[in-house]
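Please open the structure in your viewer and keep the sequence panel visible beside it. The tour below proceeds by selection: choose the residues named, then compare the view with the description.

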Amino acid sequence: MEDLDCVVVGAGWYGLAAASQFHVTQPRCSLAVFDSQSSLGGTWADERLYPGLKSNNLLGTYEYPGFPFSSDRFDVKPGQHMSGEAINTYLKAYAKQSGISDFIHLNTKVLTAEHQDTDNGGWVLTIATLHPSATKKVFARRLILATGLTSEAFIPHFDGQEIFGGRVFHGKNFRQNSDTLKTAKAVTIFGATKFAWDAAYAYATAGVKVNWVIRSSGHGPCWIAPTHVTPLKKWIEKLANKRILTWFSPCIWGDADGYSKIRNFYHGTALGRLLVDNFWKVLGNDVITLNKYDSHPDTAKLKPWTEAMFTGSSFSILNYDQDIMELVKSDMIDIHVGEIDHLSPGKVHLADGTEFESDVFLVNTGWKHVPPIKLLPEVIEKELGIPHELTNDTSDEDLANQQDLMKRADEEIQTRFPRLSHQPVWNKDYKPLTEQKGISSEDKVTPCAPLTPYMLYHFLVPPSPRFLRHRDIAFTGMVSNFSNAITAHLSGLWISAYFQGKLAINPAAAVDNEVALRKLQYETVLLNRWGKWRYPTDWGHKNPNFIFDAVPYFDLLQHDLGLKTHRKKGWLKEMTEAYGPEDYQSVTEEWMSQNRISYDSSRDGPVEKVSNEGTNDNAA
């Protein structure tokens, strides 16, 4: 059995960053990256690049710190959205530049990962390649799961789909079905996420009639904004990363930014909360006004049902060459707010009796947010802090089901942020998708299944003594925001430091201290429980995602790493200039220098300086 120091599962943005940071900071350790797809990139892999796919971000905000997405190298001009092909090329170039290309094994699926309850811990992985009948086992001293949030599509069963006669597929498989852009005369698109917007645009501009169905008992259309908002026409991605504006978000880890007095004013006083409410109203109303939803009966149906303040990373950006609202107003796109009742040969039927012809039924019904790997031994997911069954029969290790901790966290959240006690009623008729007539699923994991949320310390590692003691597993990419590339970079460095026992604030130090362990576990519950109140539809019972809380999250990780958090020149720029990848390009070198690791070109990689101050706890 092959023995590896570290295995990363997943080769998307987060997996590549984790592998790169591990390799840069521990070059003598063996490393492998396994990905089940035929190319690296995750959502941006070759087989996922559907027609017209672009980033929400404009050039300059979607790149790894220290590896610029340069215009000349990747054929994207300033002020443009990056195409799927350009991002794919960029990620391949990053893997090569980072020296990890040779460690990536594609068409390699990790079937199971079994924890070893020995003095040294570790994981035995069962993997399969293109020949699934032939599996092999690999031992990983450390395991990083970077399987992503959009790797395993959820598609329920629709009554009548066997006799429909046309194609029925999930948005994940749009590329494999892109020939329908030329062959189909009419399509039905189900759902109102950004994937649905992209599909509606692609078919309509190809001359295909689109019937777009939005569930009347669902979450409603996603928020989607122009690239520049507010009366001052500010770049929306950068607005979210300006400290002065992050203060308007009632953030449970917000004090990590060092501005607790200002935050206490905004969220702890009546005047402050009035200012906060007005900020979010201005932002939301500006988007609605700019999109001119009320200018036509069909565009009005696309107006979001949730409040801007309570919306997380489902908030998207208009990145189309043509005005999609004009297509909606035309005869090319008809929008129906209702329920799918059943399919029949060549037709889609709604519950109100509406029916229309369709050659294609494209569904955007979400993703399975649980890692697609069987983790062993059985019920280990409770200690790992990943989603599992809700129950009243709890153990000390099952933090996500400990109602006393949940109650305590809820009380603290509502005391610190009274505004969150007034939750929006976004759809009084909401019904989970699989409870809708005509739609069913036998899957245990669905986007609407009643599972516990992720319960990871700082959204990265299990808070259980079993795993803190060995420091042999971490999760990355279970977080989503407007700054995923920065998040991936910092998370990767944090994980490598954690594996080495070199975090300045080390959660593993709490293992043999009952008081410290309880404090750490409560903090874990508090941060994860906060998502239920702050982002009830996006985070809710699933995974962490946020927008205006990203910069203080970066501060939190940098505090753990022992790094400075304020990186601008002067107090005014610190408050008013947006943080971007350029501000974090030196964090890895800073951390290595701080931990007495320097680059020795004669030995092909970083080496640790010998010191009498302590011993090094490497991953090897």
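Select D341 and H342 together: their side chains are joined by a polar contact of 2.7 Å. A polar contact is a pair of N or O atoms within 3.5 Å; within protein, one atom must be able to donate a hydrogen and the other to accept it, and residues adjacent in sequence count only if both atoms are side-chain atoms. Add K437 to the selection, and a polar contact of 2.9 Å appears between the side chain of D341 and that of K437. The model in view is predicted, so local features need pLDDT of at least 70 and side-chain atom pairs count only at pLDDT 80 or more, whereas totals for chains, interfaces and linings use all residues. Residues are numbered from 1 along each chain as its sequence is written, and side-chain values use heavy atoms, with hydrogens and water left out.

Now colour strand β18 (residues 340–344), where D341 is placed. Helices (H or I, at least four residues) and strands (E, at least two) are DSSP runs, numbered from the N terminus. Is D341 buried or exposed? D341 counts as buried because its relative accessibility is 18%; buried means under 20% relative accessible area, exposed over 50%, and partly exposed in between (1.4 Å probe, protein chains only). Leaving aside neighbours within four places in sequence, D341 is in contact with D159, H349, L350, A351, K437 and G438. Contact here means heavy atoms within 4.5 Å.

**A second strand residue**

Select T188 in strand β11 (residues 186–190). With 0% relative accessibility, T188 counts as buried. Not counting residues up to four places away in sequence, T188 touches N211, V213, V348, F356, S358, V360, F361 and L362.

**The start of the chain**

Move to M1, in the segment before β1 (2–9). M1 is exposed, its relative accessible area being 65%. Which residues does M1 touch, not counting those up to four places away in sequence? They are V124, K137, V138 and F139. Show the C-alpha atoms of M1 and V124: these residues are 123 residues apart along the chain, and the atoms are separated by 9.2 Å.

**Two helix pairs**

Display helix α1 (residues 13–25) with helix α3 (residues 84–98); their axes come within 10 Å and cross at roughly 15 degrees. Axes are lines fitted to C-alpha atoms, for helices over the stretch in contact, and angles run from 0 to 180 degrees between N-to-C directions. α1 and α3 are therefore roughly parallel to each other (angles under 35 degrees count as roughly parallel, over 145 as roughly antiparallel, 65 to 115 as roughly perpendicular and the rest as oblique). The crossing of this pair, α1 and α3, is left-handed; that is, the near helix is turned anticlockwise from the far one by less than a right angle, while clockwise gives a right-handed crossing. To view the contact, select W13, L16, A17, S20 and H23 in α1, which meet I87, Y90, L91, Y94, A95 and S98 in α3. The residues of this contact divide into eight nonpolar, three polar and no charged. Ala, Val, Leu, Ile, Met, Phe, Trp, Tyr, Cys and Pro count as nonpolar, Asp, Glu, Lys and Arg as charged, and the others, Gly among them, as polar.

Next, display helix α16 (residues 484–500) with α20, which pack at an angle of about 20 degrees with their axes 10 Å apart. This makes α16 and α20 roughly parallel to each other, and α16 passes α20 in a right-handed crossing. At the contact, H489, L490, L493, A497 and Q500 in α16 meet V587, T588 and W591 in α20. Five nonpolar, three polar and no charged residues make up this contact.

**Loops**

Select Y579, in the loop between α19 (571–576) and α20 (587–594). Y579 counts as buried, at 4% relative accessibility. The side chains of Y579 and E574 share a polar contact of 2.6 Å.

Continue to R596, in the loop between α20 and β25 (597–600). R596 has a positive phi, near 60 degrees, in a residue other than glycine.

Finish with P377, in the loop between β22 (374–376) and α13 (381–384). The peptide bond from L376 to P377 is cis, with omega near 0 degrees.
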